[in-house]
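Reader: I have a structure open and want the reasoning behind its labels. Can we go through it step by step?

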Amino acid sequence: MKKTILKTIVYLLLVVGALTMLLPFFWMVSTSFKTGFEALQVPPTWLPKKLQITNWISAWKAAPFATYLLNSVIVSLMTTVGQIITAIMAAFAFAKMNFHGKKILFTILLATMMVPGEMLIIPNFVTLSQFHIVNTYGALIIPWLASFFAVFTLRQSFASVPDQLYYAAKLDGASDWKFLWQILVTNAKSSITAIGLLQIIGSWNSFMWPLIVTNTDKMRTLPVGLQAFSSDSGVNYPELMAASTFVILPMVILYLFLNKYVVAGISGGGIKG
Amino acid sequence: MMVNQKTTWKETLKGWLYVLPMLIIVSIFSLYPIISSLAMSFYTQYNFFTNQVMALGFDNFKYLWEDPLFHAAVSNTLIFVIGVVPLEIVISLTVAVLLNQIKVLAGFFRTIYFLPFVTSIVAISMVWKWIYNKDAGLLNYFLSFVGIHSIDWLNDPNWALPALIILAIWKSLGFNIMLFLVALNNVDKRLYSAATLDGASVWQRFWHITVPMISPMTFLITINAVIGSFKVFDEIFSLFGGQAGPGNAAMSVVFYLYRMFYEQNKYGIAAAAGVVLFFMILIVTLLQMWFSKKHVHY
Amino acid sequence: MEVKFNHVTLTYPNGIEVLHDMDFDIDDGQLVALLGPSGGGKSTTLNLISGLLSATTGNIYFGDKDVTKQDALERGVGMVFQNYALYPHMTVLDNIIFPMKMAKIDKATRKQRALDLAKLVRVDDQITKKPSDLSGGQQQRVAIARALAKSPNILLLDEPLSNLDARLRVEMREEIRRIQKETGVTTIFVTHDQSEAMHVADKIMVLNDGRIQQYDNPQSLYENPNNQFVANFIGEPALNVISAHQLGTEVTQLFDGNVATIGIRAEALTNEVKEPAIKMQAVVHEVLSFGRDRQATISVGEHQLIATDVTTSALIDQEMTLFAALSGVYAFDKDGQRLPLRGERA
């Protein structure tokens, strides 16, 4: 009896918490279907009186969201693919190979993870200006083609593969390159997927860097575009909520489908500082 | 490949070739800028277009020392950290413990709690901006039930930071809950059985087993949360429409850096602000490590 | 293929020599066990043969060819690792095919050969499964098939039976012998279990402290140990050891040299009259029977002995005369070296 009451309280608290978590999402979607007049009504209506998608259409047209979306997709995919390839190679070298300078290099790179990325923005901007690639895909993509965090996480996953498997492959006549791509990568598929997903999410949502290195609509990514849209359009909340949904929805869908990899990535990979 | 042989130059070459792609990018965009931004913080006269340095000195740091806006940025950032981190940890640990008690729907709840982690901070800040709206906002509507009337969250300098803190806590809970769940799962269940046999109550088991057993994770989460909070920028920018809050009431160190760098082109001062941020984080992290030596049970 | 070690030593980077002057020949087509306690140097020796470790000094020959400087791949050895090291994401068949794929053998040939090998090691009904769906014994079989796939000069097995439960172990050791006899490939395996080595191997190399203690066929190893270590290590129950002064000069004078200790095999000790034998005064404390086995606990002076041939007719807890058949009695000097019987100098 006492146990049932306790369980009920636990569930009750969790439901209240979950509702708090969901409320902003619900409110965003609900408002996006309301007329401007209904949105401003006091007391507010929970659900739109009439489901109308005019805000979605007008928001989509009011700013070049299609371009933003395309840019976000390109940038997220390219940086993720790049980061994974560079990380796979480097993680393998750190986990299984012997070479002079390995330890010191690893230590130096580990130390760089302590430095806040915001501090690096200024020199990086200067570097990109000197390469004349500010406001291009290059500026959005190239600096993120490698991340030591990804290397570090993947190295742990590679190191957990027994050395004997490496020796066995060597005896079977596989080169390092073949062992890496045909055996190690296949066996670390789930960690690689998890790292990739976290990178896609991070890249999709990143703001400060694209804000600084883009200055035309043609190059903006979704979050920067949304920010620009919100300051240009003044306050039309139903439209703004529709536009916010454009930005949020793809990652939510991705997450709901690949939930278990994201969870594994967080629990296995530790923390991004 | 012979395991016991001295590392050969051929192997060394091969190893470096494997790390090279990563190393090129990291060198240009992480290693070099660390040194460069340190150097830049001493540039007092600098031409960005030609990358020419005309004068060096401590003037940038002196400027920060004297600039009331930077003082505000530092104190707001500290208030933000203190406002966010403890609450974030207490709430996420509570939720994680609750989630750990149930089996049915546990995955479903976890998915919901984690949702904010995958959403764009800019986009969700737009939503919170709407929730914080003075006249038609949802929050003031709820508050009206308990007799609180029309707080102007985003335009009243006194409420700007609290609004920011609420948003930041909401956003970060999921990630920490996930990590706490990992730690809770790793606690040996037999310890609880043993403690129960020894007559420990639920509450005693929590304090004497759970808390010490998960202390390494709590430490990790705290460090991570502190560092993350020190770097607050995105949510300020979007919540206050590209400003640092009403009358700079939500000015943070990173926002200050952004403004000096991007809006006012004072590169040296911006770089100096970055260096100060780095040392603030470093000091706080070292303090936490020192504290953890006494209180974290590995 | 014949394997020959010519004064091979191995020194670790920290300067410690772990293998001392290894000098031996393994004949073509033999099944050889490297036997010894952990840390004795048996796995190190195996890895020197495989080429995973390189010798510090000395030379290693496969047949007439000096392979000292060659790595594992060039030497053409097949190896079965202790944890099998099967590729977890590949099916059984793909695991066996992999080395042939790396050697660029054409598709049809390698598949046919893989199927033949699967049949040889008796996993032909499992070929579409993943390693994780197999039992330990089956994984072992697949690992052997994979090692044989590239037609190795030598087949090496590192502790092949240690991960298996007791019943499978007996089954697999017979299987290893069968497969080795069918393929005729020179096979060397590492084990710390003397009975395993005794049951399977054509010849056994006993290693301790990085030295070869004795390299011989199982029967001579048992009947004619070189030293106290080998006599002790081989045989179950372990050798009974008595100090020389306990037995007196009438026993020690039988041997040529300065006897420090006497070793007596458990089955040599009996309460029935035997010749030639040494006699001793002893007290039998207990005689236990397990099925057809018997085990008696005996004390001679301060020494506790185990005997398997004392009959139940022995008087309990009374001093009596026991006989130890001379063929099961060994004398050792203070360094543990075996001393010959007087007059039959070895």
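Author: Yes. Keep in mind that this is a predicted model.

Reader: What makes Gln194(C) buried or exposed?

Author: Gln194(C) has a relative accessible area of 12%. Buried means under 20%. The value of 12% falls under that cut-off, so Gln194(C) is called buried. Gln194(C) belongs to helix H7 of chain C, residues 194-200.

Reader: Which residues touch Gln194(C), leaving aside its neighbours within four places in sequence?

Author: Its contacts are Leu35(C), Phe233(C), Ile234(C), Gly235(C) and Glu236(C). Contact here means heavy atoms within 4.5 Å.

Reader: Why is Ile74(A) called partly exposed?

Author: The relative accessible area of Ile74(A) is 27%. Buried needs under 20%, and exposed needs over 50%. The 27% of Ile74(A) lies in between, so the label is partly exposed. Ile74(A) sits in helix H4 of chain A, residues 65-96.

Reader: What does Ile74(A) touch, and how far is its C-alpha atom from that of Thr221(A)?

Author: Not counting residues up to four places away in sequence, Ile74(A) touches Tyr137(A) and Ile141(A). The C-alpha atoms of Ile74(A) and Thr221(A) are 9.5 Å apart, though 147 residues separate the two along the chain.

Reader: Which residues of helix H10 of chain A are buried, and what covers them?

Author: In H10(A), residues 176-187, the buried ones are Asp176(A), Phe179(A), Leu180(A), Ile183(A), Leu184(A) and Val185(A). The cover from chain A includes H4, H8, H9 and H11. H1 of chain B and H3 of chain C are also among the covering elements.

Reader: Why might buried positions in a helix recur at such steps?

Author: An α-helix has 3.6 residues a turn, so residues three or four places apart point the same way.

Reader: How do you know that Lys231(B) and Glu118(A) form a salt bridge?

Author: Their side chains meet at 3.9 Å, N to O. The rule asks for a Lys or Arg side-chain nitrogen within 4 Å of a carboxyl oxygen of Asp or Glu. A Lys and a Glu at 3.9 Å meet that rule, so the pair counts as a salt bridge. Between chain A and chain B the rule finds two salt bridges. For polar contacts, the count across this interface is 18 residue pairs, both residues at pLDDT 80 or more.

Reader: What makes up the side of chain A that touches chain B?

Author: Helix H1 of chain A, residues 2-32, gives the largest share, 17 residues. By class, this side has 71 nonpolar, 21 polar and five charged residues. The contact itself involves 97 residues of chain A and 97 residues of chain B. About 8800 Å² is buried between the two chains, with 80% from carbon and sulfur atoms.

Reader: How do you know that chain B has two domains, and how do they meet?

Author: The bounds come from a domain assignment: domain 1 spans 9-59 and domain 2 spans 61-295. Ten residues of domain 1 of chain B and eight residues of domain 2 of chain B make the contact. Their centres, over C-alpha atoms, are 32 Å apart. The two domains bury about 740 Å² between them, 70% of it on carbon and sulfur atoms. The interface has zero salt bridges by the rule. Five residue pairs are in polar contact there, both residues at pLDDT 80 or more.

Reader: And in chain C, which residues supply most of the area that domain 1 buries against domain 2?

Author: The domain assignment of chain C gives domain 1 (3-229) and domain 2 (237-339). Between them, these domains bury about 730 Å², with 39% on carbon and sulfur atoms. Tyr222(C), Pro225(C) and Gln228(C) supply 69% of the area on the domain 1 side, more than any other three residues. Zero salt bridges are found across this interface. The count of residue pairs in polar contact is eight, both residues at pLDDT 80 or more. By class, the domain 1 side that touches domain 2 has two nonpolar, four polar and one charged residues.

Reader: How many residues does chain C have, and what share of them count as buried?

Author: Chain C has 346 residues, and 53% count as buried. Its secondary structure comes to eleven helices and 19 strands. The C-alpha trace of chain C spans about 75 × 45 × 35 Å along its principal axes.

Notes
Residues numbered from 1 in each chain as written. Chains lettered and ligands numbered in written order. Heavy atoms only, no water. Helix = DSSP H or I, 4+ residues; strand = E, 2+ residues; numbered from the N terminus. Buried < 20%, exposed > 50% of the residue type's maximum accessible area, 1.4 Å probe, protein only. Domains from an automatic or database assignment. Buried area = accessible area lost by both parts, 1.4 Å probe. Polar contact = N/O pair within 3.5 Å; in protein donor to acceptor, adjacent residues only side chain to side chain. Nonpolar A, V, L, I, M, F, W, Y, C, P; charged D, E, K, R; others polar.
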